[in-house]
Each structure stands twice: as C-alpha cells, then as structure tokens.
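Trainee: I have the sequence and the structure open. Can we go through them by question and answer?
Mentor: Yes, ask away.

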Amino acid sequence: MRVMANPRLGGQRQQRHYGITSPISLAHPKEIDHIYTQKLLDAMKTFGVFEDEEELNHRLVVLGKLNNLVREWISSMEDKSSSPPPEPIVGKIFTFGSYRLGVHTKGADIDAICVAPRHVKRNEFFQSFFERLKHQDGIRNLRAVEDAFVPVIKFELFGIEIDLVFARIPIHTISDNLDLRDDSRLRTLDIRCIRSLNGCRVTDEILHLVPNTETFRLTLRAIKLWAKRRGIYSNVLGFLGGVSWAMLVARTCQLYPNAAASTLVHKFFLVFSKWEWPNPVLLKQPEDGNLNLPIWDPRVHLSDRYHLMPIITPVYPQQNSTFNVSTSTRTIMVEEFKQGLTVTDEILQGKSDWSKLFEPPNFFQKYRHYIVLTASASTEENHLEWVGLVESKIRVLVGNLERNEFIILAHVNPQSFPGNKEHHKDNNYVSMWFLGIIFRRVENAESVNIDLTYDIQSFTDTVYRQANNINMLKEGMKIEATHVKKKQLHYYLPPDILQKKKKQSLSDVSQSLGGLQSKRPSLDGKSLDSSRDTDNGTPFNSPVSLVRPSKPDSRPGGEAERSSAEPGAAVTEKKPPSAPPAHGLSIPVIGAKADSTVKAASPPAVCTIPTVVGRNVVPRVPAPHNPAQGQPHLNGLSNMTKSITPQTSLSPSVDGPSTKLKDAEEKLLHIESTFKDPRAAENRKRKAVDTAEGESMPIPTIDTSRIKRLPSKELPDSSSPVPAKSIRVVKNSIRLTLNR
C-alpha cells in the first residue's frame, strides 16, 4: 500500500494506493451511481440476504456464550510446567469467513477459531473441550473431525451452526487486542495451527486492503448472491468459494477505490471477463516470512504452473485458493463473467433492472446429455457422511471426463437433489447430482463409440479407497452413475425444477444447495477457502490437487456453439447376446450381496450396460508423454524454469502498473500481475489493447502436447486396493454410440 498524490489537486491532497498496481480510475460516484446502488440494494433485499436486528443480536449472544465456554475450559487447564501466573489464563474466540467479512446471510454458519495459550494441547481440545460441549445446554449435532486437513469441531449452539478450529500460540495468555496478522505469531507453530490460523489471517488482511469496507461489503454481497444464483459458488466442486470471491471483489475495489457499489459490480465483470488467466490475482506484493513454509510460486514449484485460475491469499504463507478449479469450471465461470458484463451494461443503460442479474440459468435445458450421479445409504447418519465424501470427490470425475478425448466440457450442477426412494428400495436416503456433458464432434464419421468405463470407474475407486482409508465405508453405501438425455430428465426431477424459475429467496437456494449438507463433517481437503462455502450449505474443504493435467481450454461460448459442437442424434448402445437388458446407462457400483445390482431410476430402456466391453468401442487410453517435446507451456507461464535454479521459496516479483484498456466510457487498464522471472520482467513491454471496437483479450491455453500425468495427492493412497471386505464392488463397462 502506497500513498499517491491527486494531480488534479496539485499534489496537496493525497490518497492511499491499494494493491500492486495503480488504480484504473479515481473518479467519485455521481448522483446516478447512488441511485443505481439503491436499486441494487432493494433488489438484493427481495432475496433475503440481510439479517434483521434480532438475528444479528442473537449471533452476538451465541458468540458470547461460546467465548465464555472457551475461557472457562482454558482456565480449568492447569499449567503444571510453570509457577502460578500473575494474571488469569484465558483463551479467545476469533471469527473469520463471511461473518468476519460482514457479508453473512440468513441461516449462515459461523467460522471461528479457538486461540489457546501454549500449555493447551490440540488433543485436549478434541477430548476435554469436546466432552464439555456434550453437557452444555443448546448444543446439537456435535461431531469432531480430527483427521481433516484442518481439524474442526462442528455443532449447533442455540440454532447457529458453528465450525470451530483450534490453534495454540506460544504465549501465556491471550489478550483481547491480539493481532493475528503478525507473521511472527507463526514461529514455532506446527502446520495444523498455521492452517487453522490462515482463515482468520486472510479475512483480516482482506479488510485491511480495501479502500472502503462498507462499499466492499455491499459489492461482495451482490457478487456472492449472483454466483450462488448462477450455480458457480462451490469451492468443493471446482468453482470459487467465499474467500476467492472476496479477493476478486477486493481487487476490483483497489482498481476503483472511490466507486459506488453499483459501479463496482459492473467493473467486476468488466475486469474478470477480460482477465488473461492463468495470470494470478494478487491483492499485495507477496512477502517472504522467512519461516521456510511452502508458498505459491510457479518459478520454484512445478505443480503451481498447472493451476488454471490462481487467486493468491494475501498473507504468508501465500497459497492459491482456487486449486480445485478445472478446465470446465473455469470455462463456465468466464462465460458467466461475460454474461454478467452484458447484463450490467443493460442495467446501467436503463434497459433492464438488477433482478435480471440474479436470474438463475436453466441448467437442465442447456445440454443434450447428462450424467446422473447417485449416492445412497441405509441410515441418515451414514448418508450424511457418505454424501459429503462423494461430493468432495465429484471434481475427480469432472477431471476424468475432461481428459476424455471425446468430451469438450463437463458441467456439474452444485445443487443436489433428493433421489426417488421407489427406485432405491434398499436405501431410504438418496442424493443426486447432475453433470451436463458436451461431446466433441468427430469429422467424417457417421457415428462414434465412446467408452466411459475408465473415467467413471476410476472415480468410484477413488471414493471407495478414501472411504476405506478413513474407516467410513459401511454396508449399504452405494454410488450409481447413469447417462440420460435431456428429454429423459423428467424421470428424475419434477417439472417445476426442469422449468426455469424466475424468483427464489436466498434461504430457499441455501436449503436446496445443501439439503442436509450443512451437517456433514469435513472429510479432507486444504482449507484455503476459509469460508468453506458455508453460505450455501457446503462446508467442505477439498483435498489438494497439486497437479491437474487438462485439455486445451477451447470452449464454446454460447448455446449455438454447443449445438454445433455436439452430435445431434440419439445415443444408442450395442448389446452382447449374453448381456441382460437394463434400464438406463447405469453403474451398479456396490452391492451388499453377491447377486445384488443397482438399477437406474429411468423407467424407459435407454442404454444397456454390457458386462464386458464389446467391439467397435473407442477406449480412452492416455498417450505417453514424449520427452523429446521438451517442457511444455504451462498455464501461460512459458519457459519460466529455463533461467531459474530451484531454491528455497522466494517472494516473486510482480510486474509494474497495468496498461489501459478502453471501454464504452473511457480507457481501462489491463491487469498484468503474473509471476515472472525478475530478469525477464525488466524487458517486458506493456501492451495497450483497445477493446472499444469489440476486441477481446485472449485467454492463454495449456499446450495440447502436455499429456504427461504427474503425481497427485488426489488419492490418499494410490497403492491401496479398493476395499472388498464383505461389500462387493461390481464393475461394469459403460459405452455409448453418438450418431451425427
């Protein structure tokens, strides 16, 4: 943050300079901007995003009770290693996530951290404090997830859901004015405490890096509502979570420090619809804390170059909060940015109103082909655990489908739906997710046979391996995948879901986006998204995917292009004589008995599933990597390692101020904030791109020659076999034929 003079005032008046580049515009809002902001506020109120005074006070009372519980517990923990303290030993509760940012919605949970002094150990938090919570009035749905990436205790306290993590700091007592943003607090801490503190530190730093917190909050509320309504708010499924959206909005506020919220919403779409991904979004110059902790740095870490949409946290150790983003989800989000820009242009021209921005897309009319993923269990408790695990791994399925040479895009709908119990008589608790698929048109071919066996079976193997490793797998837990066409969706969903809904309150959206998800335990994952998607009922952190090979990021931009990209005929399936007919293209994955199979819910005979792969099927076989091709261009950061010797993590240098763009009103800056080799950065020339004539800034794509698969932490133990035990895993082949 720097201080800069306003040239219009002859340098007499100075204004803070936020961010790593100069602001695009210092213009103050006009009267019409305030009018549009008020209209935006009125439109958001209809969706119930604001809590009333009574609800806000109730949260304060609940947090006060929780803070007292923590203080009483820590006071009871005697420090036998030292003499009696001169002052009472106390701990403290700090909030983070959406509540700390001031943008939480009705019914949202609270993310909090219990900061304890040095003598209180982590195992005591999960034992003695957990036992103390069991006997407290107002506590419901108490569960501890001690083996998660960020260990957490989840519970409801007087109706408010709370996710409580733990960290201990090497001081004797925790004062009320403790500043967790101080990097020195991280010294001597174990990695679990650093991860737990990360959420609170990131949230506080974001608030510190925006020019106007109230304008930032209103803008962020609007963007979060838009993202949820458009189905792109879910860190666990490969979209963006709460902290990532907050950082994008914060960067927009830095570029337009004096703008009103209505203007910032429009500029948000303008900036990020033209952003040259995978150039990273940074709120400040990265700093080296000299603690030898791993940081995001593509110059040093090869895996960081495979991140497709990096948004870097502003505190040490800097991390990418969007490591879950895939080629498909990035394509979908960029398309939504462009659509948002078009709509806000109309709004600010008086041709439309703000309600149009929050209209949900009709996902079930958007694609011709869908995969229905069903997770079922025999009891409610097992279902909550099972659905949480399956959902946290759906992005593995998306990645598998993306790497299939015949699939252009795999779009998962973040909303889960209850399954039809009549079609799952063995299990009463069923959840469904839907993935829209765009198949690639094959030239000079009347039909093409596609084998999806490997793509889907490797996903199910991953889920069962993870469940077995954490001792979750129980009798009755099943996964089923079914291929259906658009006209067959009515067998799975009611008509009111398939038809486009114009109005829906945010509370309804939150309930439908999670159902019972808010009660699920966090199973695994890297908690860089500190909010953990709590506002939409998806409080799960996803495992780290250090390496994400993907196909070229060439995607159709609209429905017309989708129609031309997809084959237009029906899906057919060739049956071997010995294969019994089945309803729907389904994957019975688990059966309690040797003769048990799971059938799809679709009544009509759509495609049969042979027990073996028949002839004329094009299997998906990964091509071997050719070392002679050399190091490919990775995420637009080409040849970065040629002049760099691997060493300890360094704070990467960032380029200077951005160059200006033109929009309909005036020139805007193109943001260039990619990590570069310091020597190459000196010779880098700024490029002025004129968008007034409709030119769009190209998005760098990954080299198509990169097919090499690198090691990944996606599988907890890739060598461990799929569990057998008494539960039999049934593997069937899945193939379909697309006709022109």
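Trainee: Which residues form one aromatic cluster together with W226?
Mentor: First, this is a predicted model, where local features need pLDDT of at least 70, side-chain atom pairs count only at pLDDT 80 or more, and totals for chains, interfaces and linings use all residues. Residues are numbered from 1 along each chain as its sequence is written, and side-chain values use heavy atoms, with hydrogens and water left out. Rings of Phe, Tyr and Trp (its six-membered ring) pair if their centres lie within 6.5 Å; planes under 30 degrees apart are stacked, over 60 edge-to-face, and the rest tilted. The cluster joins W226 with W245, F268, F269, F272, W275, W277 and F337.

Trainee: How many aromatic pairs does this rule give, and what kind of pair do F272 and F337 form?
Mentor: The count is 28 aromatic pairs. For F272 and F337, the centres are 6.4 Å apart and the planes meet at 45 degrees. That pair is tilted.

Trainee: Why does the pair of F272 and F337 tie together parts that are apart in sequence?
Mentor: Helices (H or I, at least four residues) and strands (E, at least two) are DSSP runs, numbered from the N terminus. F272 lies in α8 (residues 261-273) and F337 in α9 (residues 327-348), so the pair links parts that are 65 residues apart in sequence.

Trainee: Are F272 and F337 buried or exposed?
Mentor: Buried means under 20% relative accessible area, exposed over 50%, and partly exposed in between, using a 1.4 Å probe and protein chains only. By that rule, both F272 and F337 are buried.

Trainee: At what angle do α8 and α9 pack?
Mentor: Axes are lines fitted to C-alpha atoms, for helices over the stretch in contact, and angles run from 0 to 180 degrees between N-to-C directions. The axes of α8 and α9 are 8 Å apart. Contact means heavy atoms within 4.5 Å. Among the residues making it are F268 and F272 of α8, and F337 and L341 of α9. The packing angle is about 145 degrees.

Trainee: How many of the residues of α9 are buried?
Mentor: The expected span of a helix is 1.5 Å times one less than its number of residues. For α9 that gives 32 Å, and its end C-alpha atoms are 32 Å apart, which agrees. The helix is largely enclosed by the rest of the structure, because the buried residues number 16 of the 22.

Trainee: Which residue does a cis peptide bond join to P317?
Mentor: P317 is in the loop between α8 and α9. P278 is in the loop between α8 and α9 too, and the bond from W277 to P278 is cis, with omega near 15 degrees. For P317, omega is about 0 degrees, and the partner is Y316.

Trainee: Is N292 buried or exposed?
Mentor: N292 is found in the loop between α8 and α9. Its phi is positive, near 60 degrees, though N292 is not a glycine. Its relative accessibility is 68%, so N292 counts as exposed.

Trainee: Which residues is M77 in contact with, leaving aside its neighbours within four places in sequence?
Mentor: M77 is in the loop between α2 (53-76) and β3 (92-96). M77 is buried, at 16% relative accessible area. Its C-alpha atom is 9.9 Å from that of K121, 44 residues apart along the chain. The contacts are H119, V120, E124 and S128.
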